[in-house]
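I have opened my notebook to a fresh page. Here is what I looked up, in the order I looked.

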Amino acid sequence: MIMVEGTSQLCNDLLVDPQDVVMLVISWHMKAATMCEFTRQEFIDGLQSIGVDSIEKLREKLPSLRAEIKDDNKFREIYNFAFAWAREKGQKSLPLETAIGMWRLLFAERHWPLIDHWCQFLQVRHNKAISRDTWSQLLEFVKTIDPQLSNYDEEGAWPYLIDEFVEYLTENGCVQRNK
Amino acid sequence: MCRSAYNMVLHKYGEKLYNGLESTMTWRLKEISKSIEAAQGGLFLEELNAKWMDHNKALQMIRDILMYMDRTYVPTSHRTPVHELGLNLWRDHIIHYPMIHGRLLDTLLDLIHRERMGEVINRGLMRSITKMLMDLGPAVYQDDFEKPFLEVSASFYSGESQEFIECCDCGNYLKKAERRLNEEMERVSHYLDAGSEAKITSVVEKEMIANHMHRLVHMENSGLVNMLIDDKYEDLGRMYTLFRRVPDGLSTIRDMMTSYLRETGKHLVTDPERLKDPVEFVQCLLNEKDKHDKIINVAFGNDKTFQNALNSSFEFFINLNNRSPEFISLYVDDKLRKGLKGATEEDVEGILDKVMMLFRYLQEKDVFEKYYKQHLAKRLLSGKTVSDDAERSMIVKLKTECGYQFTSKLEGMFTDMKTSQDTMQDFYAKKSEELGDGPTLDVHILTTGSWPTQPSPPCSLPPEILAVCEKFRGYYLGTHSGRRLTWQTNMGTADIKATFGKSQKHELNVSTYQMCVLMLFNTSDGLSYKDIEQATEIPSTDLKRCLQSLACVKGKNVLRKEPMSKDISEDDTFYFNDKFTSKLVKVKIGTVVAAKESEPEKQETRQRVEEDRKPQIEAAIVRIMKSRRVLDHNSIVSEVTKQLQARFLPNPVIIKKRIESLIEREFLERDKADRKLYRYLA
């Protein structure tokens with residue numbers, strides 16, 4: 001098992017910041033169950049899936065791994081993977097702080113203009129953990145609804161939190177919506 | 001003459017005969033027309049009529065004489081039969097004769113006008129003339145009389161209605177309209193063709209009623225609203241009958257009534273003065289319902305559409321005030337507690353049925369259930385119910401309305417009371433030796449699920465009481481192993497014998513808390529607040545209220561407080577009030593009466609109701625998804641609402657939250673392709 005120190009070591013060897021999003025991509029390849037932990041099997045299978053067999057080769061692969069985020073399909077998989085990966089063991093939901101951190105990380109690469117408002121809204125109004133449904137539906141929201149919310153439909157079966165977010169944006173004048 | 005005519009036709013002189021007839025008649029008629037024309041004034045019509053009578057007689061004779069020609073020559077040569085020919089010639093040469101035509105019409109219309117203005121006219125003559133026109137052919141009647149008659153009538157009534165509406169109030173206007181309508185119908189029956197009735201009444205209806213509907217209904221000081229307020233059954237009945245004749249007439253009345261009811265109702269339920277007394281408030285609602293029921297019954301012929309409008313208005317405004325369920329329950333509580341004392345069974349049923357009517361209007365029936373339970377519990381435990389039968393009757397009505405589930409717990413409460421009685425009898429039968437001279441205990445054993453949830457705060461019972469309570473506990477658990485008993489000291493009462501002054505004996509009826517406090521004074525004359533608090537362990541808010549009722553209420557001050565201030569403070573000291581007096585031997589100090597909740601209590605109850613709704617909503621969602629397997633969001637919301645609306649109106653936002661919770665707990669999932677669809681996970 002590679003644990004926290006091991007992961008830290010790995011990052012050093014790869015010459016990347018532990019906060020670098022590429023670590024997430026690598027973890028995804030490895031189907032790692034938990035952040036900062038790799039079982040032997042996960043590690044080996046992961047390297048195989050990336051197509052490398054040494055740290056140096058892995059280091060070379062880093063730019064292309066980073067690029068995988070730009071791919072729509074892969075991004076969706078990585079995004080949804082991230083939820084379970086970032087969770088505490090035995091928990092069903094994601095603590096808010098962690099969720100915000102992950103979102104910022106992910107949407108830094110895939111630009112979403114409302115990310116700051118979203119995080120602010122959560123901190124001011126929600127203050128609770130994030131459910132899996134909310135997590136995955138947010139991606140749908142980001143992908144389908146434009147930043148001015150012109151195509152947002154109240155009857156669209158969006159999670160309650162997202163409905164609240166839209167209300168929050170309207171109240172604070174961030175978007176103009178005709179009711 | 002017949003024979004000559006017969007012969008002529010036989011010998012093929014039919015044509016000559018016919019032509020001769022025609023020309024002779026024509027010539028004769030032209031002469032007649034001159035004489036009619038010459039008639040002066042009133043005689044014109046008489047002359048016309050007289051000549052018509054003659055003509056008819058003549059025609060009959062001619063027809064008889066020329067019968068053979070009518071039967072043989074006329075059909076084969078396609079000529080007009082004799083009688084008809086005679087009529088047509090009359091029409092062409094008399095009626096349509098320019099000097100007569102206009103004058104005839106003018107005369108008829110003038111006479112009708114005069115009759116409308118109050119004069120008496122020769123109806124017989126009129127009858128004869130109009131019959132003549134009908135005989136000449138419906139087209140003649142219609143073109144030469146009826147059409148102009150209708151036009152003139154329309155403008156007459158248009159003018160008259162305008163005049164009336166400026167100077168009459170609504171009730172009087174309607175009387176006049178009704179009278180005019182009746183007049184016209186009578187006119188038709190006396191001297192116009194029956195076919196004219198529908199047409200002339202429709203003219204009057206349009207001019208006098210339809211054109212002024214809104215103005216009438218809205219008339220200040222005398223319109224519909226005033227009639228409703230003043231119970232003007234006759235005027236309202238008249239309005240209903242008249243307006244029913246015109247399109248949208250009844251809906252005009254109905255809409256006005258509805259908006260008036262909603263306005264008044266809204267004021268009633270939001271008026272803070274009214275809301276101070278819940279029982280009065282509900283009585284007002286019942287009175288309003290009664291009043292309008294009567295109006296619909298007496299004046300509107302029990303019209304179902306009006307009944308529906310009344311119901312929907314009540315439903316609208318009753319639910320504007322979210323305390324309505326609580327207040328209706330308090331009303332029933334008042335009636336069952338004392339209001340129905342001495343009432344006959346009929347009266348009881350009547351009042352309860354009326355209350356059920358109001359109950360049906362409630363959207364939040366589950367809130368009512370919660371309050372009803374609370375109030376019922378207090379009634380049962382304090383023994384303060386006027387009639388067991390009345391209580392049962394109410395339960396039956398609720399069950400009929402809402403189903404077994406609604407009332408099963410309420411019925412459980414009654415069962416508990418009965419069972420407790422039996423238990424107590426058995427307890428005393430078996431244990432009387434052991435108990436000896438101790439205080440007499442009367443225990444009500446309440447099944448937790450059926451009674452309103454109460455916290456059971458701590459309370460130190462006096463030793464004498466504790467002893468007998470423990471004996472009971474031992475006895476009960478002996479026969480009911482596996483159960484757990486918790487004393488609800490905040491719900492009990494006690495009767496204590498007390499001696500004041502020289503030897504004033506009184507029996508005090510108090511709450512359990514009050515008893516605990518008073519018993520302390522058996523061993524001390526004076527105690528501080530802190531002493532009492534420590535000894536009894538009663539929570540401070542309850543203790544303060546308890547001490548207040550024992551020391552600060554005139555006529556019930558069995559304790560004396562120092563200082564003599566109005567409120568209880570933690571620095572106060574209490575003394576047994578030796579100087580207490582009362583005219584009554586039995587003094588009631590305990591308070592277990594149901595009352596309007598305070599604001600914080602109300603919030604708490606509402607919160608509990610909201611909590612109770614969540615599992616109900618979830619159960620409904622699961623039921624629906626289990627049977628439908630896959631369903632879109634909006635359909636779930638409407639199905640859930642349909643299933644639950646007999647109890648309350650679920651909030652779509654809450655439904656959404658419950659769906660998300662069910663997704664989290666893996667009862668449901670979103671469809672992979674369509675995110676608006678949910679799937680049931682077996």
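**Chain A, then chain B**

I began with charge: chain A carries 20 positive and 28 negative side chains, and the centres of these two sets are 3 Å apart. I note here that the model is a predicted one.

Next I looked at the fold of chain A. I found 9 helices and 0 strands, so my sketch, going by the DSSP runs, holds helices and no strands. The C-alpha atoms of chain A fill a box of roughly 60 × 30 × 25 Å along the principal axes. I also checked burial: 46% of the 179 residues in chain A are buried. About 9,300 Å² of chain A is exposed, and carbon and sulfur atoms supply 48% of that area. Among the contacts in chain A with a separation of 6 or more, 68% link residues 24 or more positions apart.

Then I went to the start of chain A. A:Met3 sits in the segment before α1 (4-14), and A:Met3 is partly exposed at 36% relative accessible area. Together with A:Met1 and A:Val4, A:Met3 forms a nonpolar patch on the surface, with about 300 Å² of accessible area in total.

My next stop was chain B. How many of the 11 residues of helix α14 (residues 233-243) are buried? I read off 8, so this helix is largely enclosed by the rest of the structure. Among the buried ones are B:Arg238, B:Tyr240 and B:Phe243.

Helix α19 (residues 324-339) of chain B came after that, with B:Ser329 in it. Is B:Ser329 buried or exposed? B:Ser329 counts as buried because its relative accessibility is 0%, and the cut-off for buried is under 20%. Beyond its neighbours within four places in sequence, B:Ser329 touches B:Phe368, B:Tyr371, B:Tyr372 and B:His375.

I finished with salt bridges, of which I count 67 over all chains. One of them joins B:Arg180 and B:Glu183 at 2.7 Å, N to O. These two are 3 residues apart in helix α10 (residues 170-191) of chain B, so about one helical turn separates them. I reminded myself that an α-helix has 3.6 residues a turn, so residues three or four places apart point the same way. B:Arg180 is buried at 9%, whereas B:Glu183 is partly exposed at 23%.

Back in α19, B:Arg337 and B:Asp333 lie 4 residues apart, and their side chains meet in a salt bridge of 3.2 Å, N to O. B:Arg337 is buried at 12%, and B:Asp333 is buried at 3%.

Definitions and conventions: Residues numbered from 1 in each chain as written. Chains lettered and ligands numbered in written order. Predicted model: local features only at pLDDT ≥ 70, side-chain atom pairs only at ≥ 80, totals over all residues. Heavy atoms only, no water. Patch = residues over 30% accessible without salt bridge, like charges linked within 9 Å, V, L, I, M, F, W, Y side chains within 5 Å. Areas by Shrake-Rupley, 256 points an atom, 1.4 Å probe, with all protein chains shown as cover. Salt bridge = Lys/Arg side-chain N within 4 Å of Asp/Glu carboxyl O. Buried < 20%, exposed > 50% of the residue type's maximum accessible area, 1.4 Å probe, protein only. Contact = heavy atoms within 4.5 Å. Lys, Arg positive; Asp, Glu negative; His and termini not counted. Charge placed at Lys NZ, Arg CZ, Asp CG, Glu CD.
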